Amino acid sequence: MNRGREPLSAYLLTSPYLILLAVAGLIPAGYAVVESFEPSSGLGIVGGHGLFANYQRVFTDYRFDSAFLHVGEVLIVWLPIFIVIVVGLALLMHQRPGRLSRSVQFILYLPGALAGIANFVLWLFILDPTVSPIRFLAHGFGETSLDQVAQPSHLPIILAAMLIFLGTGTWIVIVFGGLNNIPDEVLEAATIDGASSWQIAMKVKLPLIRPWIGYLTLVNIAYGFQLFLEPSVMSQVTHGVISPTWSPNELSYTYAYSQLDTGGAAALSVVLLAVTMVIGVVVISRSKLLGEGRS
Amino acid sequence: MSASADAFPGGETARAATRGSRRRVKLGAVGRVSTLCAVAAIFLFLLITFILAAFRTRQSMTSANPLSGLSLANLNYDWTQIRGFDSGLFTTWYRNSLIVCGGGTVLSLLSGIPAGYALAKLKFPFRRTVLLVTILTMVTPNTVLVIPLFLEVEKIHALGQLWPVAVIFGFFPFGTYMAYIHFETALPKELIEAARVDGLSELGIFTRVALPVSKQAVAIVGFFSFLASWTNYFLPLVLLPIGNQQTLTVGLQQLITGSQLYDPSGAAGSPVQLYMPQLIFAAVLQTAPLLVIFVIAQRFLARGATVGAVKQ
């Protein structure tokens, strides 16, 4: 047999993918690292000298701390609620996966098609008290305009609502996959031992799907660091009530486009890349994505 | 998906047999059904009131009643306004989106399906490294690379051109990983060995044995790739700075921020009237292709999303 040809064929088959991986992944990442150490010639560049000048400038930018702080606020508000909703609903559906569960699952999956800007328009409609079908809520707080609803202190809650609406359906499918992996014998044994469905859910199923919950948590933490669209368009429709450099990605966009500070933009991107890569490595090492231990 | 749990009626009888716990079971079932229905109702309420708003008039939006002012004729008015924005820019955006997302999807299939096959079925040096990098880029949010990509594309003086966006959309590691999982789990080793014995080349095995049994996997990868590029906002925003180069997602943002609703002074001289119903109709038009595929292919999509999770 021509086993010797295998590597050659494999490289032929993977080469289009490897080229794209290089062009759209490795090269820009490497280029950003190089650029982050190059002297920058943008507008109004002050502070920082030497090899780490760009990093120094970015780190001492007052907007840098607040951008990362905002991500932290969103994660604190959004993630715990999101995880409870996703895992709780998945457990409820798994308890009796009949027609009701399937229909609910499909309904929750629908907003996935609205991803991005369309979801933003939906929430603009819901949040703006001048057009909202639930404006009584805003009126209850004495808020009659979008600017009053979309105050900076409210933004973590607003983003949490947007992200929960968008992601719940997709992530339920993933956690559900984990629940379906639990062997029937385990659940039968628990039932024979007289465990109630509540006890089975909490003491049998929940510990067994911990890897999935970990995956859900980490991937979404990484997601939080790259928020751009929602805070950016929110800043535009509120005419600056929300800062245009609210999130780290918005800040690096400002560096690149408004300040023409390529080095600063590159340095900030490298920081973001490093943060999300570390999370990515943790995800891979702790989950079974690589399929370790298969024969 | 539900096969394992449907074949599990023993749980019901065992529980019911435990006397005294019957009441608790009933309460639990009521709680379960009402929770699921309540959540579904909230989601449906948001989706339906949103879509209905496209059928309403700007004046009727002063009423909180989501059914006030409904008329099919309003859609026609919405469309006239949207189409009139900047002398028909909306259709240009739609065309641009179709080009970059269509091109990106084709590229992602041409690159991801063979790569997934090679990763799953062939032995070659650095196989694990390629797989590792694929998974790493898959779980890393792609927007962290947008500014580096901007620097790269600017360097080759290709800002404002559609092809770099299509090429970047064509890099879809999630699709490669899905193809890898598919070929590894669904294509028996024996089939490949038999083809080798029959004297087929490795490439021949891929095109004549593996591909024909993988139509569904190709469709799933294609859909997820299209979905990812169709909803991408940050990349086209940065790489396509001028109005008539932009894609639909960035165009929608232009409609919103250029509307009378959110920029009354800037839009004062505009020949078109853009208020909430028109903005919503534009968003619905943007989402329409995805919603149609969602409803047609919901079963497959659920399965595809599971592949992205942890391997079984």
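# Helix packing and a shared core

Visitor: Which residues is B:I280 in contact with, leaving aside its neighbours within four places in sequence?
Guide: With those neighbours left aside, B:I280 is in contact with A:V121 and A:F125, and also with B:F50, B:A53 and B:A54. Contact means that the two C-beta atoms, placed from the backbone, lie within 7 Å. The model is predicted: local features need pLDDT of at least 70, side-chain atom pairs count only at pLDDT 80 or more, and totals for chains, interfaces and linings use all residues. Residues are numbered from 1 along each chain as its sequence is written, while chains are lettered from A and ligands numbered from 1 in the order in which they are written.

Visitor: What makes the set that holds B:I280 a nonpolar core?
Guide: Its members must be buried Ala, Val, Leu, Ile, Met, Phe, Trp, Tyr or Cys residues, joined through C-beta atoms within 7 Å. Buried means 20 or more other C-beta atoms within 10 Å of the residue's own (12 or fewer is exposed, in between is partly exposed). The largest such core has 168 residues. Those with the most contacts inside it are A:A90, A:V121, A:F125, A:V175 and B:I280. Helix α8 (residues 155–180) of chain A gives the most to this core, with 15 residues.

Visitor: How many residues does each chain bring to the contact between them?
Guide: Chain B brings 98 and chain A brings 99. Helix α3 (residues 22–53) of chain B supplies the largest share of chain B's side, 15 residues. That side has 63 nonpolar, 26 polar and nine charged residues.

Visitor: What are the helix and strand counts of the two chains?
Guide: Chain A has 14 helices and zero strands. Chain B has 16 helices and zero strands. Both elements are DSSP runs numbered from the N terminus: H or I for at least four residues is a helix, E for at least two is a strand.

Visitor: Why are α5(B) and α9(B) called oblique?
Guide: The axes of α5(B) (residues 89–121) and α9(B) (residues 173–186) cross at roughly 45 degrees and come within 7 Å. Under 35 degrees is roughly parallel, over 145 roughly antiparallel, 65 to 115 roughly perpendicular, and the rest oblique. Roughly 45 degrees falls in the rest, so the pair is oblique. Their contact includes B:G112, B:A115 and B:L119 of α5(B), and B:T176, B:A179 and B:F183 of α9(B). By class, this contact has eight nonpolar, six polar and two charged residues.

Visitor: Why does α9(B) count as roughly antiparallel to α12(B)?
Guide: The axes of α9(B) and α12(B) (residues 215–230) cross at roughly 160 degrees and come within 9 Å. That angle is over 145, which makes the pair roughly antiparallel. In this contact, B:F174, B:G175, B:M178, B:A179 and B:H182 meet B:A217, B:I220, B:V221, B:F224 and B:S225.

Visitor: Why is B:G175 counted as polar in this contact?
Guide: Ala, Val, Leu, Ile, Met, Phe, Trp, Tyr, Cys and Pro are nonpolar, and Asp, Glu, Lys and Arg are charged; the others are polar, Gly among them. The contact of α9(B) with α12(B) divides into seven nonpolar, three polar and no charged residues.

Visitor: What is the packing angle of α3(A) and α8(A)?
Guide: Helix α3 (residues 62–95) of chain A packs against α8(A) at about 35 degrees, with the axes 8 Å apart. Their contact has 22 nonpolar, three polar and one charged residue.

Visitor: What percentage of each chain is buried?
Guide: Buried residues make up 49% of the 295 residues in chain A and 44% of the 312 residues in chain B.

Notes. Axes fitted to C-alpha atoms, helices over the stretch in contact; angles between N-to-C directions.
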